[in-house]
Amino acid sequence: MNKDNIMEVKGLHKRFTSKGVTVKAVTDVSFSVKPGETIGIVGESGCGKTTLGRCIVRAYNASEGEVFYRTKGGEELDFLKADKKKMKEIRKEIQMIFQDPYSSLDPRMTVLDIIKEPLKANFPKMPKDEMDQRAKAMAEKVGLNPMYLMRYPHAFSGGQRQRIGIARALVIEPQIIVCDEAVSALDVSIQAQVINLLRDLQRELKLTYLFISHDLSVVEHISDKVGVMYLGRMVELADSYELTTRSLHPYTKSLISAIPIADPKVAKESSRIVLEGDVPSPLNPPSGCRFRTRCPYANERCAAEVPEWREVSSGHYVACHHFEKCQ
Ligand code: SF4
């Protein structure tokens, strides 16, 4: 494992089998993250990004591959080979924030109890007073009024509920946060507030984020680098600025062209690339390049060969036989 990284994912696969049918939800995904960095994972619904996030927090066991992780204590572990004791340690250090802040909060629990829950589960011997103190301090850090912590989630707005979810994830002082569509259910103005909060917390607590979203405009705003997924495979990965200014994959190009442009003059000059057809079923993905049924550059080679995942310039990876055409 490179000493600069906190996590390295190598050749990760996740397959689900039910009634004799196998779905390849994630196929051969690789990336690395440095401490304090944000990696965005973007793609349409069903592209495997949530499954990937769940494999990272070990809610799912990956079918194949390696996930190297550097613990707070500096130990390097391969997640997928870690024993139960190590897994418990890793789970404390990698937490998840969910899309729907309402359904992920127990409506029968007070907000204080919700925030305290991970402390109870992971530090059962911690004195009650200390748990209260930590939960209140974290609530305040995320901008919740400590006066209202004895209330129930339904008394809070969507943005405040997401702050409760953030406090709950952070109260046990993790290193990595997987944000799964964490702002997608919120109004645009509230989205900006929650993103700014996540950034402030990242700086203060030296957090590393895996930020999963279908919305590239949100992902590029918060991420240092971005990975683009299509039908279970990562098709491009680069620094955020590089990806949005010099993308090499036709699918990334189409996502970028859909980002709204504030300047009407620039917007008039830019053209939207609208993809034909729907995303094929992951039950029966196309042969060769999975994007070929919607790609304007597809030819016979694309149907016959899976494009190689290659680094075309420092830190810029792409999987496309004809990426030169996109330059
Ligand atoms: Fe398009 Fe072929 Fe590149 Fe796939 S490999 S993105 S089908 S040009």
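This note comments on the ligand site and the two sheets of a predicted model.

1. Ligand shell. The ligand is surrounded by 13 residues. Those that come closest are C289, C295, C302, C320 and H321. By character, the shell comprises nine nonpolar residues, three polar residues and one charged residue. A reader should note that cysteine is counted as nonpolar in this division.

2. Ligand location. As to placement, the ligand sits in the largest cavity. A cavity is here a set of grid points where a 1.4 Å probe fits but cannot get out, evaluated over the protein atoms alone.

3. Eight-stranded sheet. One sheet is open and consists of eight strands with mixed pairing, in the order β6-β7-β8-β3-β9-β10-β12-β11. Its edge strands are β6, spanning 94–97, and β11, spanning 310–313, each of which pairs on one side only. From one strand to the next, the twist averages 20°.

4. The β6 end of this sheet. Strand β7, residues 176–180, pairs with β6 in the parallel sense, and the two share four bridges. Within this pairing, Q95 has I177 of β7 as its bridge partner. Helix α5, residues 158–170, packs on the sheet and touches both β6 and β7. The direction of helix α5 makes about 170° with that of β6.

5. A second helix on the sheet. Helix α9, residues 250–257, also packs on the eight-stranded sheet. Helix α9 touches β3 (38–42), β9 (225–230) and β10 (233–239). The angle between the direction of helix α9 and that of β9 is about 110°.

6. Four-stranded sheet. Another open sheet has four strands in the order β2-β1-β4-β5, and its pairing is antiparallel. The edges are formed by β2 (21–33) and β5 (76–78), each pairing on one side only. Neighbouring strands of this sheet are turned against each other by 25° on average, with direction ignored.

7. The β1–β2 pair and its helix. Which helix lies across β1 and β2? Helix α1, residues 49–56, does so, running at about 115° to β1. The strands beneath this heading are joined as follows: β1, residues 7–18, pairs with β2 in the antiparallel sense over nine bridges. In this pairing, T17 stands opposite T22 of β2.

Methods
Residues are numbered from 1 along each chain as its sequence is written. This is a predicted model: local features need pLDDT of at least 70, side-chain atom pairs count only at pLDDT 80 or more; totals for chains, interfaces and linings use all residues. Side-chain values use heavy atoms; hydrogens and water are left out. A residue is near a molecule or strand if one of its heavy atoms lies within 4 Å of it. On a 1 Å grid over the protein atoms alone, a cavity is a set of points where a 1.4 Å probe fits but cannot get out, and a pocket is an open set with protein on both sides within 12 Å along at least five of seven lines; lining residues have an atom within 4 Å of a point. A molecule sits in a cavity or pocket if more than half of its atoms lie within 2 Å of its grid points. Two strands pair if DSSP finds at least two bridges between them. Axes are lines fitted to C-alpha atoms, for helices over the stretch in contact, and angles run from 0 to 180 degrees between N-to-C directions. Contact means heavy atoms within 4.5 Å.
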